[in-house]
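Let's take a walk through this fold together, with the sequence in one window and the coordinates in the other. We will begin with charged side chains and then move on to helices, strands and a few backbone details.

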Amino acid sequence: MELIESPTLQLKESFQQVRTQSEKLCTPLQTEDFVVQPVVDVSPPKWHLGHTTWFFETFILQPYVKGYSVFNDAYNFVFNSYYESVGKRVVRTDRGNLSRPTVADVFAYRKHVDTHLLAWLQDNENIPERAATLLELGLNHEQQHQELLLTDIKYILGNNPLQPAYKQSVIAKSTATNDLSFSEFPESMHTIGYQGEGFYFDNEKGVHRVFLHPFAIRNSLVTCGEYLEFVKGGGYQDFRCWLSDGWAWVNAEKAEAPMYWHKMDGVWHQYTLGGLQAIDPSLPVTHVNYYEAEAFARWAGLRLPTEFEWEAASRQLSPSAPSTSNFVESERYHPVAQKPGNLQLFGDAWEWTQSAYLPYPYFKTEEGAVGEYNGKFMVNQMVLRGGSCATPANHIRATYRNFFQANLRWQFTGIRLAKHI
C-alpha cells in the first residue's frame, strides 16, 4: 500500500477544529431540542452528532486501526444514513423516535471515537494514502452536517409554538442600497469544474468546456423588500408566474410567502435564529424553494442563471470569497445587507440555478461505500451555488455544487437574477 508523507499536525488540528465546531453549534440547545424531528427532511441534532462520528469509526478506525473495538455494535444501524453497502439502518422518517441512545451516550460516543482517532494520528508519522483521503472526506462531510445542524435547529425551534431564539441577537437594521446593476458577459467558451490542488467532491470532477451565449448576471441577491412586492402583487395567486409543478405545490401547501414569514397585525415578520423579527427589506430573501425562485424571476421578467453561468461569472467577478463575506464564522446565522464591493456571490444565501443536478462529463463513481456519496442523487434535484450564512468559510469554492429537490426551502436558499443579452 502506497504511503504518503502525512502532515500529522495539520490533520490533527483540522480534525479537532471541525469536531469542536459541531459541538459548539449545539451549545445553546436544551436536552429536549436534540431529539426532535418535525418533518422527514430535518434530522434531530443528536443524530447529526452521531452520524458524523459513525463515518470516522466506520471508514477509518475499523479498517485502519488495528485492534479497534466499536463503541456500540447497534450504532451502525442507528447512525448509517444511506449507505446500502454498509448495512441496514433506521428509516429516515424514524430518526425522531430514537429516544435512545441518549444525548449523553452520543457525546460519549464522540469522545470515544475522537480519542482513538487522535491517538492513531499521534502514533503514525505516515498513514495510508486512502486513509488520509477518507479522513479529509470525513471532515468535509462533517462540515456539511454543521450547516444541516443549523438549518435543522432553525426548523425545530421555528416550528415550536413559542418560537424561541437559538441565540439572542438582533440583526442590525440597514439602510444599504443594493447594487441592482448587471454584469455582462459575451459569448465564450468557459472551463467548468475543479482544477488544482486541495479537496473537492466527486461531483466537481470532470473538467470540461462549455459554450455560453451572451448573458448578464445581477450584482446582488434579491432582497426581502423586492420579494415582498411579489407577495403583495399577488404572485402566489397568479398561475402565470409558476411552472406547472410549482403551481401544484402552491395550491397543495397553500403557500403565500417564504418559509418563516408570518403576517402579524398587518406587518410581515420572519423567524430567525435570533427570534421573531420584522422583515428588513434590505436583507437577502431566504428560505425560498426553486419553484418560488423561478416564479419570482419570471414575474420580474428575468430568469435564474445556469450553474455554468454562475461559475463563469464568479471566477471573473469574485475569484475568491471576500473577507467581508458572511459565513457561519460571523455567528450572525442570518444574511446581511450587501456591502460595497461585495457581490454576495459567496455566503449569505445559497443561490438557485436553473440547472438540473447531473454528472459532469467523465464522472466516475468511486469504489466502495463512499461511491454512494453523491452520484446516486443525480436525479430530480436542482443545483445551488455559493454557500450561505450557515456554511463554513473554508468549505466553499466556485466549483462547489450543492443540490436539493425543487420543493425544499428549509435551507438558507435565495435568488440571484440573470438575463439573456
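A salt bridge here is a side-chain nitrogen of Lys or Arg within 4 Å of a carboxyl oxygen of Asp or Glu. The model you are looking at is predicted, and it holds 19 salt bridges. Some of them join up: Arg19, Glu23, Arg110, Asp114 and Glu142 are linked in a network of such pairs.

Zoom in on one pair of that network. The side chains of Arg110 and Glu23 meet at 2.8 Å, N to O. This pair links distant parts of the chain, with Arg110 in helix H4 (residues 103-123) and Glu23 in helix H1 (residues 8-25), 87 residues apart. Are the two partners buried or exposed? Arg110 is buried, at 0% relative accessibility, while Glu23 is partly exposed at 29%.

Another salt bridge spans a long stretch of sequence. Glu331 and Lys167 come together through their side chains at 3.1 Å, N to O. Glu331 belongs to the loop between helix H9 (307-317) and strand E10 (350-356), and Lys167 to the loop between H5 and strand E3 (182-185), so the contact ties together parts that are 164 residues apart in sequence. Both ends are partly exposed: Glu331 has a relative accessible area of 29%, and Lys167 has 31%. For a pair with little sequence between its partners, turn to Arg240 and Asp238, whose side chains form a salt bridge of 2.9 Å, N to O. Arg240 is exposed, with a relative accessible area of 61%.

Now to the helices. H5 runs over residues 129-158, and its 30 residues reach 43 Å from the first C-alpha to the last, close to the 44 Å expected at 1.5 Å a residue. This helix is mostly covered, with 24 of its 30 residues buried. Gln143 is a good place to look at that covering, as it sits in H5 and is buried at 6% relative accessibility. Which residues touch Gln143, leaving aside neighbours within four places in sequence? They are Val18, Pro392, Asn394 and His395.

Helix H9 offers another view of packing. Its buried residues are Glu307, Glu309, Trp310, Glu311, Ala312, Ala313 and Ser314. They pack against several strands, namely E3, E4 (188-192), E5 (208-212), E6 (215-218), E10 and E11 (382-385).

Two of those strands, E10 and E11, lead us into a sheet. Four strands form an open sheet in the order E12-E11-E10-E13, with mixed pairing. Strands E12 (402-404) and E13 (413-414) stand at the edges with a single partner strand each, so one side of each has no neighbour in the sheet. E10 and E13 pair in the parallel sense over 2 bridges, and Glu351 stands opposite Gly414 in E13.

Elsewhere, E7 (residues 261-264) and E8 (residues 267-272) pair in the antiparallel sense over 4 bridges. Met264 faces Val267 of E8 across this pairing. The hairpin has 2 residues between its strands, and Asp265 takes a positive phi near 50° there.

Just ahead of this hairpin, the loop between helix H7 (244-253) and E7 deserves a look. Lys254 lies in that loop and has a positive phi of about 55° although it is not a glycine. Tyr260 is found in the loop too, with phi near 80°, again positive in a residue other than glycine. Their surroundings contrast: Lys254 is exposed, with a relative accessible area of 70%, whereas Tyr260 is buried at 6%.

A further backbone detail is the cis peptide bond joining Arg100 and Pro101, where omega is about 0°. Pro101 lies in the loop between helix H3 (75-79) and H4.

Finally, how many disulfides does a search of the whole structure find? The count is 0. Cys26 cannot form one because its sulfur is 17 Å from the closest cysteine sulfur, in Cys389, too far for a bond. Cys389 in turn has its closest cysteine sulfur in Cys224, 12 Å away, which is also too far. Cys26 is buried, with a relative accessible area of 3%, and Cys389 is buried at 0%.

Note on methods: Residues are numbered from 1 along each chain as its sequence is written. Side-chain values use heavy atoms; hydrogens and water are left out. The expected span of a helix is 1.5 Å times one less than its number of residues. Buried means under 20% relative accessible area, exposed over 50%, partly exposed in between (1.4 Å probe, protein chains only). Contact means heavy atoms within 4.5 Å. Two strands pair if DSSP finds at least two bridges between them. A disulfide is a pair of cysteine sulfur atoms within 2.5 Å.
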